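Here is a short tour of some ring contacts and a metal site. Have the viewer open as you read along.

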Amino acid sequence: MSGDFEQLWAELAPLGRNRTTGGYRRFSWGPADTQVRSWFRSAASARGLEVETDGNGNLWACWGAPGSVEAPRAPADKAAAVVTGSHLDSVPDGGAYDGPLGVVGALAAVDELRRRGLRPRRPLAVAVFVEEEGARFGVPCLGSRLLTGAMTPERAGRLTDADGVSWAQAMERAGLDPERMGPDRELLGRIGAFVELHIEQGRALAHTGDAVGVASAVWPHGRWRLDFSGQADHAGTTRLADRSDPMLPFAEAVRAARRAAEEHGALATVGKVRVSPNGTNAVPSRVRAWLDARAAEEAALHAVVEGVDAAARSSAAEHGVTVTAFLESKSPLVEFDHRLRDRVAARVGGEGGAVPVLATGAGHDAGVLATAVPTAMLFVRNPTGISHAPEESATAADCRAGVAALADVLADLTDAGPAEED
Ligand code: GLV
Ligand code: MN
Ligand code: MN
């Protein structure tokens, strides 16, 4: 198994990597995305999986597609397919593992099932969801949201990137038809379970000393855009009292986010900001900032956002600036299907073995799909906990343990049996 994982990993590693920072810049529908999607098609085809693109741009590679020579003979129930996979897009200068571990791990798990002489008795598919990070168009998990109907095609089509290119235009330039976007109940109706393998984005497993854990829940989280508008002016001549400087309420909002997160046991981050006109010797006319907030409970999340909003408004009023807040995306609390979680944990923990079951503040396609199909997640230990950064890492041994655990889970869920019996 290790050879398969390592070979796949080595093929994917150089694609979309920035040589200066060492981080990945794989943005949906851009040149690096084209490369990783094409890598996935070849890797899946080389394994005899049939690859299809759904109307929303997500990729599906099926082992045992209906009508194929490998189609399982039983069972015939409609919601029979088991799907695994993750995403290949990245945040700006992201790490190698967030997303790719679940895609490479899924293909390696297919290899592992074959090596064990097993063939699934239910269709098994590997999925790659588009725009999971929302790095280019702002809304995370866009591919899975469109698939489940959590995002309308009309709104998605109008989302724009930093250069004003719309999602619909970018999709079209990549050779897809935006008219095909939208929920696919037929496809979702064929899925019996979705399992996503993912690097852990914290240090819980490093503390417990386990290579693999199972997810219990995804915290509620969301993204808010704050637009502060003032008056551009000369830095060397405008008296302080005459300024309408949007940078000041912006700075107050950043401090308020930290204070509110501390007060409510939550997380709040301002990681992206755009200043206009962005000149050293000019008071800015506008500051546009994005707040990312997350908490274990909705009430705490709400309190954080209210706290930031109130601080931004009061500081804006003090400085003669206007502020407008927009909700860009919101993901409610997700508790993964208890039966599936327990079944997965029993498989991963082995006989009498216990496996850590963790909630996460990170968003995932699994969290979106959980509204439509029974869903579970496996986490692989991250020794430093660092994620969304080039330093994100997992050991080769832990990745192998993750693949073996995923193969065990897939063998169980697909009722895999000896290949020669089919
Ligand atoms: C995705 O990784 C997110 O949690 O933002
Ligand atoms: Mn991520
Ligand atoms: Mn991810």
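The notes below take up aromatic pairs, then charges over rings, then the metal site.

Please keep in mind that this is a predicted model. The count of aromatic pairs comes to eight. One of them joins phenylalanine 5 and tryptophan 9, a stacked pair with 5.5 Å centre to centre and 15° between the planes. Both residues belong to helix 1 (residues 2-12), where they are four residues apart, about one turn of the helix. Phenylalanine 5 is buried at a relative accessible area of 3%, and tryptophan 9 is buried too, at 16%. Together with Tyr97, Phe5 and Trp9 make up one aromatic cluster.

Two tryptophan rings have a charged side-chain end sitting over them:

| Charged residue | Ring | Distance from ring centre |
|---|---|---|
| arginine 114 | tryptophan 63 | 4.4 Å |
| lysine 272 | tryptophan 290 | 4.4 Å |

Now to the metal site. Which residues coordinate the manganese ion (ligand 2)? Its donors are Asp98 (OD), Glu133 (OE), Glu133 (OE) and His388 (NE2), at 2.0 to 2.7 Å. Along the sequence, the donor residues follow the spacing D-x34-E-x254-H. Glutamate 133 sits in the loop between strand 5 (124-129) and helix 4 (142-148), and histidine 388 in the loop between strand 16 (375-380) and helix 13 (396-413), so this pair ties together parts 255 residues apart in sequence. Glutamate 133 is buried, with a relative accessible area of 7%, whereas histidine 388 is partly exposed at 38%. Aspartate 98 also bridges to a second metal: it links the manganese ion (ligand 2) with the manganese ion (ligand 3), and the two ions lie 3.7 Å apart.

Definitions and conventions. Residues numbered from 1 in each chain as written. Chains lettered and ligands numbered in written order. Predicted model: local features only at pLDDT ≥ 70, side-chain atom pairs only at ≥ 80, totals over all residues. Heavy atoms only, no water. Phe/Tyr/Trp six-rings, centres within 6.5 Å; stacked < 30°, edge-to-face > 60°. Helix = DSSP H or I, 4+ residues; strand = E, 2+ residues; numbered from the N terminus. Buried < 20%, exposed > 50% of the residue type's maximum accessible area, 1.4 Å probe, protein only. Lys NZ or Arg CZ within 6 Å of the ring centre and 35° of its normal. Donors = N, O, S within 2.8 Å, 3.2 Å for Na, K, Ca; no water.
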